[in-house]
Amino acid sequence: MRSIIRFVAVLPLLLGAPPTSPGFGAALVSGDTRVSEDAPHLYVANQGAATITVIDASDASVVAIVQLQNLGFGPNARPHHVAVESDGTFWYVSLIGENRVLKFDRDNQLVSSIEFERPGMLAVHPTQDLLFVGRSMAAVNPPQRIGMIRRSTMEVEEVDVFVPRPHAIAVSADGRWVFTSSLAENTVVAVDIESGEAELTRLGGDEPHVFVQFALSPDGATLVATAQISGKLLVFDVSRPPELRLVREIGVRAEPWHPTYSPDGRFVYFGNLGANTVTVVDAESWTVARVISGVGLSEPHGIAVTPDGQRLFVSNRNVKGAYTPTQALGFDEPNGTIAVIDSASGRILKVMEVAPYPAGLGMAAPQ
């Protein structure tokens with residue numbers, strides 16, 4: 001099946017944009033805007049507050065807060081997910097409420113902004129000058145296309161994937177394929193990046209899965225998908241794309257959300273949005289190795305692991321208020337949290353309170 005690629009107009013990069021337009025280049029952030037190249041940094045999309053919190057992952061300290069309203073965006077910009085280039089030079093955030101994807105540099109300066117209808121999950125290509133973007137869960141009937149953005153110019157093409165509401169996004173280890181899936185049907189898709197050809201794999205059964213997000217194993221042979229409605233982790237053999245072969249279905253706690261692998265590929269971690277827990281799955285036996293619970297885990301959404309594999313960072317929406325905040329951050333909604341977890345013991349080391357509804361996380365790490 002061959003996809004149809006449509007070119008989309010790109011917003012011009014205008015330094016000194018008028019007040020009614022998003023501005024570029026200004027250091028409109030709280031804290032030190034300079035990001036050290038010596039430590040991994042974590043970017044937190046605070047969907048309920050139109051901010052991005054920048055955290056030094058080495059000591060779990062906040063080093064900056066990017067205020068999107070100061071850059072000309074609205075209070076309902078709804079930043080959702082962050083993707084970071086491998087060397088941390090640039091990072092990207094999707095804004096559901098503004099229908100835009102933004103590009104920032106290492107010093108948290110806004111470099112560029114492009115239009116894209118209801119952007120959701122983001123994935124950086126490992127070797128090419130590309131960024132891929134899916135559609136938000138908030139999009140009821142978006143185009144059946146994903147975005148392919150050339151990062152250097154921020155030009156975007158839309159690639160047909162032939163499934164409704166494409167959400168999850170991952171790029172193969174060899175950089176040839178991009179994987180996505182549908183929120184509305186049990187279908188996963190492999191797209192040849194060079195040719196634009198899309199191969200659909202439809203799963204059997206009547207039980208709806210609603211795939212949230214993917215994670216690719218470090219060796220590139222396995223793709224895992226979290227399924228919101230069925231409450232499962234699905235395991236695919238992707239060693240011979242475009243074939244995506246389902247090899248395991250593992251029942252887990254309610255609403256598994258964003259997954260990630262440990263750097264050595266031994267474990268898969270994800271939060272359970274509907275259970276206020278974090279699940280650890282052994283990727284050798286494909287069994288649940290541990291379920292982590294405790295103060296600070298309240299509707300876990302995003303997850304990131306440090307490059308050394310020693311700590312997990314988990315964002316928690318806390319919309320229902322299962323966690324009682326201890327700080328007054330000046331918001332009408334409950335503070336969200338970032339739970340810092342020791343990956344070996346499963347112990348919660350620290351609970352950081354952040355702006356409401358922290359969602360997707362992105363990690364920058366030195367190479």
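Rings of Phe, Tyr and Trp (its six-membered one) make an aromatic pair when their centres lie within 6.5 Å; planes under 30 degrees apart are stacked, over 60 edge-to-face, and the rest tilted. Everything below comes from a predicted model, where local features need pLDDT of at least 70 and side-chain atom pairs pLDDT 80 or more, while totals for chains, interfaces and linings use all residues. Numbering starts from 1 along each chain as its sequence is written, and side-chain values rest on heavy atoms, with hydrogens and water left out.

**View 1. Aromatic rings: a tilted pair and a cluster.**
The structure has 3 aromatic pairs. Phe267 and Tyr269 make one that is tilted, with 6.4 Å from centre to centre and 35° between the planes. The two partners sit differently with respect to solvent: Tyr269 is buried at 3% relative accessibility, whereas Phe267 is partly exposed at 24%. (Buried is under 20% relative accessible area, exposed over 50%, partly exposed in between, for a 1.4 Å probe and protein chains only.) Elsewhere, Tyr43, Trp91 and Phe104 come together as one aromatic cluster.

**View 2. The largest pocket and the strands around it.**
This pocket holds about 1,400 Å³ of space. (A pocket is an open set of points on a 1 Å grid over the protein atoms alone, where a 1.4 Å probe fits and protein lies on both sides within 12 Å along at least five of seven lines; lining residues have an atom within 4 Å of a point. Points join across faces, edges and corners, and volume is the space filled by probe spheres set on them.) Its lining counts 42 residues, and Val84, Val124, Leu216, Thr260 and Met363 are the ones nearest the centre. At least two lining residues come from each of β6 (79-84), β10 (119-124), β14 (166-171), β18 (211-216), β22 (256-261), β26 (300-305) and β30 (358-364). (Strands are DSSP runs of E, at least two residues, numbered from the N terminus.) By class, the lining splits into 27 nonpolar, 13 polar and 2 charged residues.

**View 3. The second largest pocket.**
Here there is about 210 Å³ of space. Ile65, Leu329, Glu353, Val354 and Ala355 lie closest to the centre, out of 13 lining residues. The elements giving two or more residues to this lining are β4 (51-56), β5 (61-67) and β29 (348-354). Its make-up is 7 nonpolar, 5 polar and 1 charged. (Nonpolar covers Ala, Val, Leu, Ile, Met, Phe, Trp, Tyr, Cys and Pro; charged covers Asp, Glu, Lys and Arg; the others, Gly among them, are polar.)

**View 4. A close look at β10 and its hairpin.**
With 5 of its 6 residues buried, β10 is largely enclosed by the rest of the structure. A 5-residue connection makes a hairpin from β10 to β11. The two strands pair antiparallel over 4 bridges, β11 covering residues 130-135. (Pairing takes at least two DSSP bridges between two strands.) Val124, already met beside the centre of the largest pocket, has Leu131 of β11 as its bridge partner.

**View 5. The sheet β18-β19-β20-β21 and a cis proline.**
These 4 strands make an open sheet in that order, with antiparallel pairing. At the edges stand β18 and β21 (245-251), each with a single partner strand, so one side of each has no neighbour in the sheet. From one strand to the next, the twist averages 20°. β20 (residues 232-237) meets β21 through 6 bridges, and Val235 has Arg248 of β21 as its bridge partner. Pro242 lies in the loop between β20 and β21. The peptide bond leading into it from Pro241 is cis, with omega near 15°.

**View 6. The sheet β14-β15-β16-β17.**
Again there are 4 strands in an open, antiparallel sheet. β14 and β17 (198-202) are the edge strands, each pairing on one side only. β16 (residues 187-192) and β17 run antiparallel, joined by 5 bridges; within β17, Leu200 is the bridge partner of Val189.

**View 7. Loops with positive phi, and a loop contact.**
Trp286, in the loop between β24 (277-282) and β25 (287-292), has a positive phi of about 55° although it is not a glycine. Trp286 is buried, at 13% relative accessibility. Asn318 is another non-glycine with positive phi, near 55°; it sits in the loop between β27 (311-316) and β28 and is buried at 0%. Ser345, in the loop between β28 (336-342) and β29, is partly exposed at 43%. Its C-alpha is 9.6 Å from that of Arg290, although the two are 55 residues apart in sequence.

Terms used:
Axes are lines fitted to C-alpha atoms, for helices over the stretch in contact, and angles run from 0 to 180 degrees between N-to-C directions.
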